[in-house]
Amino acid sequence: MKFQRLFTKKVKHTPNSKQKNEDEHVVELKGKFIEKSVKPELNISLLDLALKNNIDWQFACTNGNCARCRCFVQYGSELLSDVNSMEKSRLDIQEIKDGYRLGCQAMIIKNGAIKARNKTYF
Ligand code: FES
């Protein structure tokens, strides 16, 4: 009977604090077809992090002109660099207010959870 209890005892799977902490520091990126949760890196753009992780994030220029890397940041925008002059000249004010950024210009400056998806105009 005691033997049976050993193998039927329910084990609770609660995340330990380390696992929970790691989950809070994940960047979820969605390209055209590929979506991944990746480890954040500081001082790297969302575009570069996506490309480094083989996510099919669209881009053409990487300097803020084409807007192919345009993305919607669902959360974690406070962990990104401020909207820069290239983004202000390429995106509408309303787009910026709505949470759109240029993936090649938005740099990760703090660790934490970020979720962004590439949303090109066409
Ligand atoms: S890749 Fe052209 S604006 Fe970002």
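These legends accompany several close-up views of a predicted model.

**View 1. The open sheet and its strand order.** Here you can follow 5 strands in an open sheet, ordered S2-S1-S5-S3-S4 with mixed pairing. At the edges stand S2 (35–38) and S4 (100–102); each has a single partner strand, so one side of each is left without a neighbour in the sheet. From one strand to the next, the twist averages 25°.

**View 2. The hairpin of S1 and S2.** Strand S1 covers residues 27–30 and pairs with S2 in the antiparallel sense, over 4 bridges. The two strands form a hairpin, with 4 residues between them. To find your way across the pair, look for Glu-28, whose bridge partner in S2 is Ser-37.

**View 3. S5 and its partners S1 and S3.** S1 and S5 run parallel and are joined by 4 bridges. A handy landmark here is Val-27, which stands opposite Ile-114 in S5. Strand S3 (residues 70–75) pairs with S5 in the antiparallel sense, again over 4 bridges. In this pairing, Tyr-75 stands opposite Lys-115 of S5.

**View 4. A closer look at Arg-117.** Arg-117 belongs to strand S5, which spans residues 114–118. Is this residue buried or exposed? Arg-117 counts as partly exposed, because it has 16 C-beta neighbours inside 10 Å, while a buried residue would need 20 or more. Leaving aside neighbours within four places in sequence, Arg-117 is in contact with Lys-30, Cys-71 and Phe-72. Lys-30 is 87 residues away from Arg-117 along the chain, yet their C-alpha atoms are separated by 4.5 Å.

How values were computed: Residues are numbered from 1 along each chain as its sequence is written. This is a predicted model: local features need pLDDT of at least 70, side-chain atom pairs count only at pLDDT 80 or more; totals for chains, interfaces and linings use all residues. A residue is buried if 20 or more other C-beta atoms lie within 10 Å of its own, exposed if 12 or fewer, and partly exposed in between; C-beta atoms are placed from the backbone. Two residues are in contact if their C-beta atoms, placed from the backbone, lie within 7 Å. Two strands pair if DSSP finds at least two bridges between them. Axes are lines fitted to C-alpha atoms, for helices over the stretch in contact, and angles run from 0 to 180 degrees between N-to-C directions.
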